[in-house]
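User: Please take a close look at a single helix of this model and tell me how it sits in the chain. Add whatever surroundings help to place it.

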Amino acid sequence: MMFWLSFLFLLSIIAINDVVALVVADAKRIPSTLDGPFDPVTVPYDVSLRGNAVDLPDTDPRVRRRVKGFEPEQISVSLSVSYDSVWISWVTGEFQIGNNIKPLNPNAVASLVRYGRSRFPLTHEAIGYSLVYNQLYPFEGLKNYTSGIIHHVRLTGLKPSTLYYYRCGDPSISAMSDIYHFRTLPTSGPRSYPKRIAVVGDLGLTYNTTDTISHLTRNNPDLVILVGDVTYANLYLTNGTGSDCYDCSFPDTPIHETYQPRWDYWGRFMQSLISKTPIMVVEGNHEIEEQAGNQRFVAYSSRFAFPSKESESSSTFYYSFNAGGIHFIMLGAYIAYNKSAEQYKWLERDLAKVDRSMTPWLVAAWHPPWYSSYKAHYKEAECMRVEMEELLYSYGVDIVLNGHVSDEN
Ligand SMILES: [Fe+2]
């Protein structure tokens, strides 16, 4: 599912793949809010799409490892709380999967970004942190996984609406990336907006995903919002066998397995887009990925950088940020959201701090929709709605973005 938001210039939604209801836009140009109001048009579900999502295989050149040694791969940009700071993330070293995995030492490779407003010289330098994560299944016949070294570096002091060049890696071992670039978002203000924001959910890594990402890339967004369900690595066994229907195909597994290399494949495939266009992700049900020790969401929380601390959240599952005159609130639907939970209290604090004179638009995003008439996932998020709906209404949230109710990736 994907649609576009172009604030100030439009409140129309162009949809592809599986969207149920959308505002019809002129084929030649995206209308502005001044052309509205528009009557919503319901588009019947195209049943021919069902069952046609085929994953990219691990032999596809777009998901193969193309770097050597500890050279950076899976490079991405994400936002901090405002235009003046972004996160750069990447992976070095090779993952291992099997029975005798030996986690890499995350401190063995430095986390350094050189950046600046011109390619040569890159005048600024920032140091970040690194980690590895494990996905462990202590059951006979199942394989364990340990990731490459994941690096996150925060750049600060950036100017608004400005092109920056950067390289990441470890210069001490001659393992720096090529030069990439990104553009910072505009400053916050009532007349200051990104031109185009892509919103996508339930993305996966199928041939349909490649069409979605090609379309998205051609439209040159300033920002990508991914509203959960990222790689669908949990439709696989640890031996790499996949199925459209995990529960039907693998009824006897002792734990719901995953095949974590799908995350690496996804990071490689997405690099060409998200090394230049910031992406902001919030978790979906496919990111739960339970493993030994009752751990959940480990790949999600490890692989992406989130502006949690910067937005005074104590969790990777909910956070907020500004994109020009828009305040985005990303919420977690698979952790506690009741009125006594930390997430709810954080949401109250965050909403109370929003200055609508600087960010007139207030947008909230989470994975499973509160309102859907489609039979799949019907009222799954009703408890969350009961807890949080009144609070969001009381602060006048303008737009809610969800994913989850989809049949194709
Ligand atoms: Fe979902």
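Analyst: Strand 21 (326-330) and helix 6 (382-394) are among the elements that cover the buried residues of helix 5. The model is a predicted one, and what follows describes that prediction.

Helix 5 itself spans residues 342-353, twelve residues in total. From its first C-alpha to its last it reaches 17 Å, close to the 16 Å expected at 1.5 Å a residue. Its buried residues include Gln343, Trp346 and Leu347. They cover an arc of only 105° around the axis, so they lie on the same side of helix 5. An α-helix has 3.6 residues a turn, so residues three or four places apart point the same way. The other side of helix 5 carries Lys345, Arg349 and Ala352, which are exposed.

Trp346 also leads out of the helix to a loop residue. Ser313 is in contact with Trp346, and also with Ser308, Tyr318 and Tyr319, when its neighbours within four places in sequence are left aside. Ser313 is located in the loop between helix 4 (298-303) and strand 20 (319-323). Is this loop residue, Ser313, buried or exposed? Ser313 counts as buried because it has 22 C-beta neighbours inside 10 Å, where 20 or more are required.

Ser313 can also be placed relative to Val113: the two are 200 residues apart in sequence, and their C-alpha atoms are 25 Å apart in space. Val113 falls in the range 72-184, which an unreviewed UniProt entry annotates as "domain: Purple acid phosphatase N-terminal". Over residues 72-184 the chain is 0% helix and 49% strand, with its end C-alpha atoms 22 Å apart.

One sheet can be described strand by strand. It is open, has three strands in the order 7-12-11, and its pairing is antiparallel. Strand 7 (96-98) and strand 11 (134-135) are the edge strands, each pairing on one side only. Strand 7 is joined to strand 12 (residues 144-146) by three bridges, and Gln96 has Thr146 as its bridge partner in strand 12.

For the chain as a whole, there are six helices and 23 strands. Of its 409 residues, 45% count as buried. Among contacts with a separation of 6 or more, 70% are between residues 24 or more positions apart. The radius of gyration is 21 Å, which agrees with a compact globule because one of 409 residues would have a value near 22 Å. Along the principal axes, the C-alpha atoms fill a box of roughly 60 × 55 × 45 Å.

Definitions and conventions: Residues numbered from 1 in each chain as written. Predicted model: local features only at pLDDT ≥ 70, side-chain atom pairs only at ≥ 80, totals over all residues. UniProt positions renumbered as here; feature names shortened; annotations may be inferred. Helix = DSSP H or I, 4+ residues; strand = E, 2+ residues; numbered from the N terminus. Pairing = 2+ DSSP bridges. Buried ≥ 20, exposed ≤ 12 C-beta atoms within 10 Å, placed from the backbone. Contact = placed C-beta atoms within 7 Å. Expected span 1.5 Å × (residues − 1). Arc of directions from axis to C-beta. Rg over C-alpha atoms; globule rule 2.2 N^0.38 Å.
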